[in-house]
Amino acid sequence: MCINCDYTIHRHQHHFGWDNSFEPAARVAPGSTIEFECLDSSGGQFSPESTVEDVKTMDFGKINPVTGPIFVEGAEPGDALKITIESFKPSGFGWTANIPGFGLLTDDFKEPALTIWKYDPATMEPALFGKNGKVPLKPFAGTIGCAPAEAGHHSVVPPRRVGGNLDIRDLAAGTTLYLPVEVAGALFSVGDTHAAQGDGEVCGTAIESPMNTVLTLDLVKDARLKMPRFTTPGPVTRHLDAKGYEVTTGVGSDLMEGAKMAVAQMVDLLAGRYQMDPVDAYMLVSTCGDLRISEIVDMPNWVVSFYFPRCVFE
């Protein structure tokens with residue numbers, strides 16, 4: 001339990017997808033601090049004993065459960081919900097999977113694969129990958145958002161104007177996030193917590209890890225915010241920068257194809273250098289490698305780069 005929290009929203013108070021008719025789990029005043037018990041993106045379908053067979057039988061109707069929704073008193077369409085991300089309480093368990101048909105390189109990796117992670121939730125030392133890899137950790141919530149104005153039930157998978165499945169690694173402790181409010185009360189929910197992720201989450205999963213998060217919810221009246229925005233408390237890649245990076249690129253007229261080329265080349269580089277199964281390299285880079293648009297003005301070709309932190313193996 002959070003001693004300084006006004007409310008605790010328990011893990012059973014979750015929902016699947018977005019629907020502005022959902023009954024609130026709590027009604028709170030602006031400025032309230034709340035601890036949310038969040039499930040991982042599988043909704044608890046994986047455990048430390050899971051095998052690749054569990055990927056094959058995964059129930060996609062139970063993915064990305066989010067804890068909530070929270071009705072914030074006084075929130076109205078046109079306002080912004082201000083979310084101060086106070087802290088995370090990691091569990092020490094996580095998983096990364098290659099799910100056929102999902103991820104950037106689906107044509108290259110058609111078979112399921114699974115990596116189970118164990119890490120120290122107290123020290124948050126880098127998590128071991130195989131015999132030599134160590135992935136630096138940075139907890140955050142992948143899905144964090146408000147209910148959309150459109151009536152009916154909406155998938156949780158795509159991100160939206162009001163937030164949702166943003167998968168932005170820098171929504172970590174200390175960051176302040178602002179989301180547009182489209183319905184009375186905002187109806188805020190959060191889940192899909194990660195212990196680590198690279199920018200792009202290229203295989204479709206990161207280190208998916210159940211954990212609690214403590215957030216303070218406040219309002220900015222009549223903000224007329226068009227899209228999510230956030231402010232970080234300081235540098236965002238310090239946990240990765242120490243040893244530099246290996247970088248591959250994709251050059252061409254299509255950004256998506258450029259991204260695929262950059263990632264595929266990094267997978268090939270790591271698989272060859274470290275004698276890894278390519279699908280393991282693919283899952284690894286999803287947890288700690290960053291896609292970047294390096295250049296988008298010199299038509300007709302653009303440059304996409306993929307940065308892999310050398311500290312993982314050095």
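**Pockets and cysteines of the predicted model**

The residues lining the second largest pocket comprise four nonpolar, four polar and three charged residues. This pocket belongs to a predicted model, and the space within the pocket amounts to about 170 Å³. Its lining draws on Phe129, Gly130, Lys131, Asn132 and Gly133, on Tyr274, Gln275, Met276 and Asp277, and on Asp280 and Phe313. Among the charged members of this lining are Lys131, Asp277 and Asp280, while Phe129, Tyr274, Met276 and Phe313 count as nonpolar.

The largest pocket has a volume of about 550 Å³. A total of 27 residues line the largest pocket, and those that lie nearest its centre are Phe102, Asn165, Asp167, Glu201 and Gly204. Two elements, strand 14 (186-196) and helix 2 (255-273), each give two or more residues to this lining. Of the contributions made to the lining of the largest pocket, that of helix 2 is the greatest, at three residues. Sorted by class, the lining of the largest pocket contains 15 nonpolar residues, together with eight polar and four charged ones. Of the residues nearest the centre of the largest pocket, Asp167 and Glu201 are charged, whereas Phe102 is nonpolar. Asn165 and Gly204, also nearest that centre, fall in the polar class.

The cysteines were examined next. The model contains one disulfide, which joins Cys2 and Cys5 with their sulfur atoms 2.1 Å apart. This separation lies within the 2.5 Å required of a disulfide. Because the torsion about the S-S bond of Cys2 and Cys5 is about 75°, the disulfide is right-handed. Both partners, Cys2 and Cys5, are buried.

Cys288, by contrast, takes part in no disulfide, and the nearest cysteine sulfur to that of Cys288 belongs to Cys311, 7.5 Å away. Cys288 has a relative accessibility of 1% and therefore counts as buried. Cys311 is likewise in no disulfide, the nearest cysteine sulfur being that of Cys288 at 7.5 Å. With a relative accessible area of 16%, Cys311 is also buried, because the class covers values under 20%. The sulfur atoms of Cys288 and Cys311 are thus each other's nearest cysteine sulfur, but their 7.5 Å separation does not meet the requirement of lying within 2.5 Å.

How values were computed. Residues are numbered from 1 along each chain as its sequence is written. This is a predicted model: local features need pLDDT of at least 70, side-chain atom pairs count only at pLDDT 80 or more; totals for chains, interfaces and linings use all residues. Side-chain values use heavy atoms; hydrogens and water are left out. On a 1 Å grid over the protein atoms alone, a cavity is a set of points where a 1.4 Å probe fits but cannot get out, and a pocket is an open set with protein on both sides within 12 Å along at least five of seven lines; lining residues have an atom within 4 Å of a point. Grid points are joined across faces, edges and corners, and a volume is the space filled by probe spheres set on the points. Helices (H or I, at least four residues) and strands (E, at least two) are DSSP runs, numbered from the N terminus. Buried means under 20% relative accessible area, exposed over 50%, partly exposed in between (1.4 Å probe, protein chains only).
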